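Below is a briefing on a structure with its sequence. The points are grouped by topic.

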Amino acid sequence: MKLNTNSNLYTFIYSAVMVIIVAVLLAVVSQALAPKQQANILLDKQKQILGALKVDYSAGNPAEIYMVLVNDTLTYGDKEVYVANLNGETKYILPLSGKGLWGGIGGYLALDADKNTVYGVNFNHESETPGLGAKIVELPFRKQFEGKHIRNAAGEVVSVAVLKSGKHADGQEQVDAISGATITSSGVSTMLEVNLAEYEEFLKVESNEGKEEDHVESEN
Amino acid sequence: MLSQKTKDTLLGPLNANNPVVVQILGICSALAVTVQLKPALVMGIAVTIIVAMSNVIVSLLRNTIPMRVRIIVQLVVVAALVTLVSEVLKAFAYDVAMQLSVYLGLIITNCILMGRLEAFAMTNNAWDSLLDGLGNGLGYAIILVIVAFVRELLGSGQLLGFQVIPQWCYDHGYENCGMMLMPAMALILVGCVIWAHRSINDKEAK
């Protein structure tokens, strides 16, 4: 007997069965792969933090290197700060998140023990344009941030501005934007500003120490 | 080794019946992923695999699919495959999955897939459908690679991320063409490829 594949009942049952099969298949695959994906996401995060710390992990196991270097996590409300010990010096790593042109951008900002000097920075993005906005993850752009100060002469947290070359920031240090990627660049600038403001509680702890003020003055 | 029909099915889409430059399908993604060579290559491979697999599945199911909901059935097959591929990539090739980001999911909307499923897989057997899928995927990949090659070379002076235009040229006043990085240039380049392709093929036809 040949089935009438055009009858309403057949169409209805066919669709229902198909949807159930596909749903079960995808659910099983998703469940089975979830631990591996979570591990990848964690590893990716650790690699990015190592990138912000300018640690070369290509020779060894990134997860092990991370465990050795990063030994504490401070919590301020819903914000976390990772504390790393790099050759005897304390570095603070601040997770960042913001908005680029097409989707989210994020990153990790590593600060020296004075909570002022940028030691290194690492950015990531979901879907910025390759060759334009996606360049925020590349070394030439990130390197500009090294040695910049997130405080002004008065010790206030003012962040680091990302500006087109030629423009001049008022009362804060700046780096060059990526040409052709204005919105992504200003997204990075805003992300730094907004996120650093949210870390106020962490940043203010040692800001009144004399050493801090001296350091800022000597830079200017 | 291969019969004439098999050859036509597999090799036709690479040139005479190319999905991008002859049928003008899949243009949107061709504009989006061709700024650099590497994502273009990975996208080409991903599309080839998914077209081939969905072609085979739809071809095997073709006699059972109710005509009135066939487009929906095809979509479900493609969407399930794309989701599977992206889950597997996230578990085993996380870096590649991150690089393709949204474009991987957008393979679902690539017109080449729906076009091949509707025009070929619904009326042909699984083996021919597999060849047709591979041929069309590769035909798409070739155009992506040509466009990405020109855009990355002229736009960034690089190929696959390596600097190929020497510093010497920049010192003597050469500059990268920023226009090449804009999506509009991809459209113009696809136009140029179509022009070249037509003029060559028309000459042969005469």
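**Briefing on the predicted model**

A:V194 is partly exposed, because 14 other C-beta atoms lie within 10 Å, where 20 or more would make a residue buried and 12 or fewer exposed. The model is predicted. A:V194 belongs to helix 4 (residues 182–198) of chain A. Its C-alpha atom is separated by 20 Å from that of A:I49, and the two residues are 145 apart along the chain.

**Helix 1 of chain A and the loop after it**

- Helix 1 of chain A bends by about 45° at A:A34, and the proline A:P35 follows within four residues.
- The buried residues of this helix are A:Q46, A:Q48, A:I49, A:L50, A:G51 and A:A52.
- The cover over these buried residues includes helix 2, strand 1 (70–76), strand 2 (79–86), strand 3 (89–99), strand 4 and strand 5 of chain A.
- A:K54 follows helix 1 of chain A and has a positive phi, near 55°.
- A:K54 sits in the loop that links helix 1 (8–52) with helix 2 (62–69) of chain A.
- With 17 other C-beta atoms within 10 Å, A:K54 is partly exposed.
- Most residues other than glycine have a negative phi. A:K54 is not a glycine, yet its phi is positive.

**Strands 1 to 3 of chain A**

- Strand 1 and strand 2 of chain A run antiparallel and are joined by six bridges.
- A:T73 has A:Y82, in strand 2 of chain A, as its bridge partner.
- The hairpin of strand 1 and strand 2 of chain A has two residues between the strands, and A:G77 takes a positive phi near 60° there.
- Strand 2 and strand 3 of chain A also run antiparallel, with five bridges between them.
- A:L86 is paired by a bridge with A:E89 in strand 3 of chain A.
- Two residues separate strand 2 and strand 3 of chain A in their hairpin, and A:N87 in the turn has a positive phi of about 50°.

**Strands 4 and 5 of chain A**

- Seven bridges hold strand 4 of chain A against strand 5 of chain A, and the two run antiparallel.
- A:Y108 stands opposite A:N122, which is in strand 5 of chain A.
- Eight of the eight residues of strand 5 of chain A are buried, so this strand is largely enclosed by the rest of the structure.
- The hairpin of strand 4 and strand 5 of chain A has six residues between the strands.
- A:K115 is in the loop between strand 4 (104–111) and strand 5 (118–125) of chain A.
- Its phi is positive, about 55°, although A:K115 is not a glycine.
- A:K115 is buried, because 22 other C-beta atoms lie within 10 Å and 20 or more are enough for that class.

**Chain B overall**

- Chain B contains nine helices and two strands.
- Read from the N terminus, its elements follow the order α-α-α-α-α-α-α-β-β-α-α.
- The radius of gyration of chain B is 19 Å, which agrees with the value near 17 Å for a compact globule with 206 residues.
- Along the principal axes, the C-alpha atoms of chain B fill a box of roughly 65 × 50 × 35 Å.
- Buried residues make up 39% of the 206 residues of chain B.
- Among contacts in chain B with a separation of 6 or more, 80% join residues 24 or more positions apart.

**Contact between the chains**

- 23 residues of chain B are in contact with 24 residues of chain A.
- On the side of chain B that touches chain A, helix 4 (70–92), helix 5 (94–106) and helix 7 (126–156) of chain B each supply at least two residues.
- Helix 4 of chain B gives the most to this side, with eight residues.
- The residues on this side of chain B comprise 13 nonpolar, seven polar and three charged.

**Nonpolar core**

- The largest nonpolar core has 94 residues, and those with the most contacts inside it are A:I93, A:L109, A:A110, B:M43 and B:L144.
- Helix 3 (residues 37–61) of chain B contributes the largest share of this core, 12 residues.
- Leaving aside residues up to four places away in sequence, A:A110 touches A:A52, A:L53, A:K91, A:I93, A:Y119, A:G120 and A:V121.

Technical notes:
Residues are numbered from 1 along each chain as its sequence is written. Chains are lettered from A and ligands numbered from 1 in the order in which they are written. This is a predicted model: local features need pLDDT of at least 70, side-chain atom pairs count only at pLDDT 80 or more; totals for chains, interfaces and linings use all residues. The radius of gyration is taken over C-alpha atoms; the globule rule is 2.2 Å times the number of residues to the power 0.38. Two residues are in contact if their C-beta atoms, placed from the backbone, lie within 7 Å. Two strands pair if DSSP finds at least two bridges between them. Ala, Val, Leu, Ile, Met, Phe, Trp, Tyr, Cys and Pro count as nonpolar, Asp, Glu, Lys and Arg as charged, and the others, Gly among them, as polar. A nonpolar core is a set of buried Ala, Val, Leu, Ile, Met, Phe, Trp, Tyr and Cys residues joined through C-beta atoms within 7 Å. The bend at a residue is the angle between axes fitted to the seven residues ending there and the seven starting there.
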